[in-house]
Structures are given as C-alpha cells and as structure tokens.
Amino acid sequence: MKISPSIMAADMLNLEKDLIRAQEAGADSFHVDIMDGNYVPNITFGVSMVETINKFKNVNVPMDVHLMVERPEDYIEPLAKAGAHGISVHLEGNPHIHRLLTAIKSYGVQAGVAINPGTPLIMVEPLLDVVDYVAVMSVNPGFCGQKFIKNSLDKIARLIQIRAKKEHYFEILVDGGIDEVTGSLVKAAGADTAVSGAFVFNGDLEKNLAILKGV
Ligand code: DX5
Ligand code: ZN
C-alpha cells in the first residue's frame, strides 16, 4: 500500500525539512488538502502551496491535491500549471462532477472523486469509468487528527468487487484517521493508497512512516 502523508499536519515553519524527511522515509506522494473555510469549516492554504513545494529542489514525490472548496472549477487550471499530479474533487455539492473530472483529465492530471462518510457509494458508480482514483473519506473532511470511521472499509471492499467485474481500472485511496491499527484494516480491505496526517507528522515521522509502509 502506498502512503501519502498529508502536509496540513506538517510543521509549516519547517515544511521543506519535514517533506524531505518524509520523502526519505518512503512517502509515495504528498497529499495537499486545500480548504477554503466555506466548503469545510477550516482554512488551510491555496494553489500557492503547490507552487511553493514545486520549488523545493530536493522534494520530488508527486503532489496529490484534495480540493475542499466552493467553486473547485476555478482551481483546476491553476493547480495543473502549478504542478499537481492528481486532483480530487468531492461528489457532494458538485452537481457537474462528471464535467469537473473530465476537465481535470484534460490537463493530463489524474482525476479523483472524493466521497464523504455519509454518502452512499452508489453515487460514485456512474463516474468509475472517468476517474483515475476514488478517495474514500474515513473522516468528515476539515481537520487532521480525527477518529477513523469504519464504514469506509465496506466502501473499499465494494469498490474492489466492482473493479474486478468491470473493464475500467481506478485506484482506491483512503483518507483520514490512518495509524498503525486502521492502516492495517484499510490495507486488508484492499486500499491502494492511504493518506496519513497526524500519525506521520505529529509523532516520530521516520518510525511512523515505516510502520505504515509495513502494515
Ligand atoms: C481531512 C483531510 C485529511 C487529513 C488527514 O479533512 O482531508 O487529508 O489531513 O489527516 P489525519 O491522518 O490526521 O486524519
Ligand atoms: Zn485529504
């Protein structure tokens, strides 16, 4: 299972240092949570964070952006230009989600659909031939350090079944509350990538990342 540390939990005043440490400890990508204070009750950073990380000469792992904003369509081109490797947008509150995902792909960027814990999985099914990945939220988006919500495991297992039956391929990412215990649960369920914020950055970074890589 690939591990994508969520930079919102990193030390912002020593970001470059934290990211280099995480990269050396085996981070497969960096998860960049963009929150605007409207779509979710928290504000993090904007597109300029992706530009900043792109300028870090010794940080080379891909950046995967998780958009939790109103009007996500306004962010896609700037993020593509800033060097995002993947962008996920939420199903919830985006009536033209298919168009949004197609727009992301038109820039050669990986398109992900994110689904909240309270949304039934059937809502993503019509999008599975468009997306490169499904981001199964295992917390309600907005904050780091929340408790893992177990219904994500059923969603992952169901996605694996659908993927096995159909012709299209998509990856499964799980986001929120991942530590050594929940990490092994999501790996057993079949997740391809686990996002982890607080567990990686608010403890012994090298040790905790090694734990997650080895679950
Ligand atoms: C939550 C974010 C997550 C969060 C993960 O809204 O989407 O990516 O940063 O952090 P932890 O692992 O601490 O739950
Ligand atoms: Zn996220």
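**Reading a predicted fold**

Biologist: How much surface does the protein chain expose, and what share of it do carbon and sulfur atoms supply?

Modeller: Accessible areas come from the Shrake-Rupley method with a 1.4 Å probe, and for residues only the protein chains shown count as cover. Here the protein chain exposes about 9600 Å², of which carbon and sulfur atoms supply 52%. This is a predicted model, in which local features need pLDDT of at least 70 and side-chain atom pairs count only at pLDDT 80 or more, while totals for chains, interfaces and linings use all residues. Residues are numbered from 1 along each chain as its sequence is written, chains are lettered from A and ligands numbered from 1 in the order in which they are written, and side-chain values use heavy atoms, leaving out hydrogens and water.

Biologist: Which radius of gyration does the protein chain have, and what would a compact globule have?

Modeller: The radius is taken over C-alpha atoms, and the globule rule is 2.2 Å times the number of residues to the power 0.38. For 215 residues that rule gives a value near 17 Å, and the 16 Å of the protein chain agrees. The C-alpha trace spans about 40 × 35 × 30 Å along its principal axes.

Biologist: How many helices and strands are there?

Modeller: Both are DSSP runs numbered from the N terminus: helices are H or I of at least four residues, strands are E of at least two. The protein chain has 8 helices and 8 strands.

Biologist: Which residues of helix H3 are buried?

Modeller: Buried means under 20% relative accessible area, exposed over 50%, and partly exposed in between (1.4 Å probe, protein chains only). An α-helix has 3.6 residues a turn, so residues three or four places apart point the same way. In H3 (residues 73-82) the buried ones are Tyr75, Ile76, Leu79, Ala80 and Ala82. They cover an arc of only 155° around the axis, so they lie on the same side of H3; the arc is that of the directions from the helix axis to the C-beta atoms. Among the elements they pack against are helix H2 (47-55) and strand E3 (63-68). After H3 comes glycine 83, with a positive phi near 105°.

Biologist: What covers the buried residues of H6?

Modeller: The buried residues of H6 (residues 180-189) are Thr182, Gly183, Val186 and Ala189. Their arc is only 125°, which puts them on the same side of H6. Their cover includes helix H5 (151-165), strand E7 (171-175) and strand E8 (193-196), by contact, meaning heavy atoms within 4.5 Å. Exposed Val181 and Ala188 are on the face turned away from the buried side.
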